[in-house]
Amino acid sequence: TRPFLLIVAMRLKDLQAALSEYAAFLNGPRALQHWPLWEAQRIFQEHWNLDAPDLAAMYGASLDSTQTRRYWSRDDYQPRQVMIRFMQQQADFTRQMFADLFREDKSVDGRMARFVFACDELLRDHQERHPHDKQTTHYHGDGYQIASLYLAFRYPEAHSPYSYAAFIRALQRIGATDIPATHDLERFDKVSRTLFKFLQNDAAVQEAHSRRIDPTRDYTPPSMLIVYDFMCALS
C-alpha cells in the first residue's frame with residue numbers, strides 16, 4: 001500500500017506539524033530519553049541466534065545494555081528474568097515460540113497473540129513444577145510491549161516497539177480518525193511503517209537524530225525505533 005494512502009485518514013498538515021515538533025524535541029533536553037534502545041538493538045543484532053546450544057545464555061546476552069535495562073528489567077517488571085527461567089526449563093518449546101514470533105509471513109497480531117499464549121502455558125507449567133514458587137506472571141501479557149520489542153530488535157526496518165497509549169495519542173495528534181478502542185496491531189504496524197517513511201524523508205529529523213547516535217556503540221542502519229520515539233515524544 002502506498003504510504004500516502006495509509007495517511008488519508010490523517011491531516012497532512014497536522015503530521016507535518018508533528019514532524020517539526022519532533023525535530024525540536026530531538027534538539028531539546030529530553031532527546032536522549034529512549035536513545036539507549038539503539039545500543040540495545042545493536043547488541044541484540046550481534047548476539048541473537050535461535051540455534052545457539054545454550055538458548056538462555058544467548059537470550060540473556062541479546063537483551064543487554066551499558067546504558068539501561070529498564071525496558072526489560074525493573075523492580076516490578078522482570079520479563080527477561082522470567083524468560084531465562086523458561087528457557088532453562090523448556091528450551092525446545094521456547095525456541096519454537098520465538099521462531100513463530102519471528103515468522104514474517106504470518107500476521108503480526110496472530111504471532112503476538114500466540115506468543116503470549118505460549119508464555120501463559122510456560123507459566124502454568126512452571127507453577128505446577130514449583131508449587132511453592134511465588135511467580136504469578138511472566139510479564140509478557142503487558143499489552144504486547146515486550147513481544148513487540150523482540151520484533152523491533154529482530155527486524156529493525158519492519159517493526160516498531162508498541163505502546164497502546166503512545167499510539168493512540170500520536171493518532172490523535174496527527175488528526176487520524178477512527179481511533180481504535182483496543183489493541184489493533186495490524187493497524188499499528190501499517191501506520192508505523194508509513195510514519196517511518198515520513199521520518200526517514202524529513203531532513204531536520206534525520207540531522208537531529210544522527211547527532212545522538214554513536215557509530216561505535218549504537219545501531220546505525222535505518223531503524224523503526226525512531227517511530228516509537230516519535231510517538232512517545234508526541235505523548
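Contact here means heavy atoms within 4.5 Å. The exercises below concern a predicted model.

**Exercise 1. Confidence**

Task: State the mean pLDDT of the protein chain, and find which elements have the lowest and the highest mean pLDDT.

Solution.
1. The protein chain has a mean pLDDT of 92.
2. A pLDDT of 70 or more is reached by 96% of its residues.
3. Among the elements, the lowest mean, 49, belongs to helix 1 (residues 3-6).
4. The highest mean, 98, belongs to helix 4 (residues 55-62).

**Exercise 2. The largest nonpolar core**

Task: Give the number of residues in the largest nonpolar core, and name those with the most contacts inside it. Then list the contacts of Phe230, leaving aside its neighbours within four places in sequence.

Solution.
1. The largest nonpolar core holds 76 residues.
2. Met83, Phe98, Tyr150 and Phe230 have the most contacts inside this core.
3. Helix 12 (residues 225-234) supplies the largest share of the core, nine residues.
4. With neighbours within four places in sequence left aside, Phe230 touches Leu15, Ala18, Leu19, Tyr22, Leu195 and Leu199.

**Exercise 3. Met83 and His140**

Task: Decide whether Met83 and His140 are buried or exposed. Place each residue in its element or loop, and compare their contact lists.

Solution.
1. Met83 is part of helix 5 (residues 79-89).
2. The relative accessible area of Met83 is 0%, so Met83 is buried, the cut-off being under 20%.
3. Beyond four places in sequence, Met83 is in contact with Tyr59, Thr94, Met97, Phe98, Phe115, Cys119, His140 and Tyr150.
4. Along the chain, Met83 and His138 are 55 residues apart, while their C-alpha atoms are separated by 7.4 Å.
5. His140 sits in the loop between helix 7 and helix 8.
6. His140 has 0% relative accessibility and therefore counts as buried.
7. Beyond four places in sequence, the contacts of His140 are Pro79, Met83, Phe115, Val116, Cys119, Ile146 and Tyr150.
8. Phe115, Cys119 and Tyr150 appear in both lists.
9. His140 and Phe98 are 42 residues apart along the chain, with 13 Å between their C-alpha atoms.

**Exercise 4. The largest cavity**

Task: Find how many cavities of 30 Å³ or more there are, and describe the lining of the largest cavity by residue, element and class.

Solution.
1. The count is one cavity of 30 Å³ or more.
2. The volume of the largest cavity is about 40 Å³.
3. Its lining consists of Val108, Met112, Ser148, Leu151, His159, Ser160, Tyr162, Phe188 and Asp189.
4. Helix 7 (108-129), helix 8 (145-154) and helix 10 (185-200) are the elements that give two or more residues to this lining.
5. By class, the lining of the largest cavity has five nonpolar residues, three polar and one charged.

**Exercise 5. Positive phi**

Task: Give phi and the place in the chain for Tyr139 and for Asp178.

Solution.
1. Most residues other than glycine have a negative phi.
2. Tyr139, which is not a glycine, has a positive phi near 70 degrees.
3. Tyr139 is located in the loop between helix 7 and helix 8.
4. Asp178 also is a residue other than glycine with a positive phi, near 55 degrees.
5. The loop between helix 9 (164-173) and helix 10 contains Asp178.
6. Asp178 counts as exposed because its relative accessible area is 63%, and the cut-off is over 50%.

**Exercise 6. Glu46 and Gln67**

Task: Classify Glu46 and Gln67 by relative accessibility, and relate separation in sequence to distance in space for the pairs Glu46 and Phe86 and Gln67 and Leu37.

Solution.
1. Glu46 belongs to helix 3 (residues 36-47).
2. The relative accessible area of Glu46 is 52%, so Glu46 is exposed.
3. Glu46 and Phe86 are 40 residues apart in sequence, and 22 Å lie between their C-alpha atoms.
4. Gln67 is in the loop between helix 4 and helix 5.
5. Gln67 has 37% relative accessibility and therefore counts as partly exposed.
6. Gln67 and Leu37 are 30 residues apart in sequence and 8.9 Å apart, C-alpha to C-alpha.
7. Beyond four places in sequence, Gln67 is in contact with Trp35, Pro36, Glu39 and Arg217.

Definitions and conventions:
Residues are numbered from 1 along each chain as its sequence is written. This is a predicted model: local features need pLDDT of at least 70, side-chain atom pairs count only at pLDDT 80 or more; totals for chains, interfaces and linings use all residues. Side-chain values use heavy atoms; hydrogens and water are left out. A nonpolar core is a set of buried Ala, Val, Leu, Ile, Met, Phe, Trp, Tyr and Cys residues joined through side-chain atoms within 4.5 Å. Buried means under 20% relative accessible area, exposed over 50%, partly exposed in between (1.4 Å probe, protein chains only). Helices (H or I, at least four residues) and strands (E, at least two) are DSSP runs, numbered from the N terminus. On a 1 Å grid over the protein atoms alone, a cavity is a set of points where a 1.4 Å probe fits but cannot get out, and a pocket is an open set with protein on both sides within 12 Å along at least five of seven lines; lining residues have an atom within 4 Å of a point. Grid points are joined across faces, edges and corners, and a volume is the space filled by probe spheres set on the points. Ala, Val, Leu, Ile, Met, Phe, Trp, Tyr, Cys and Pro count as nonpolar, Asp, Glu, Lys and Arg as charged, and the others, Gly among them, as polar. pLDDT is the predictor's confidence in each residue, from 0 to 100.
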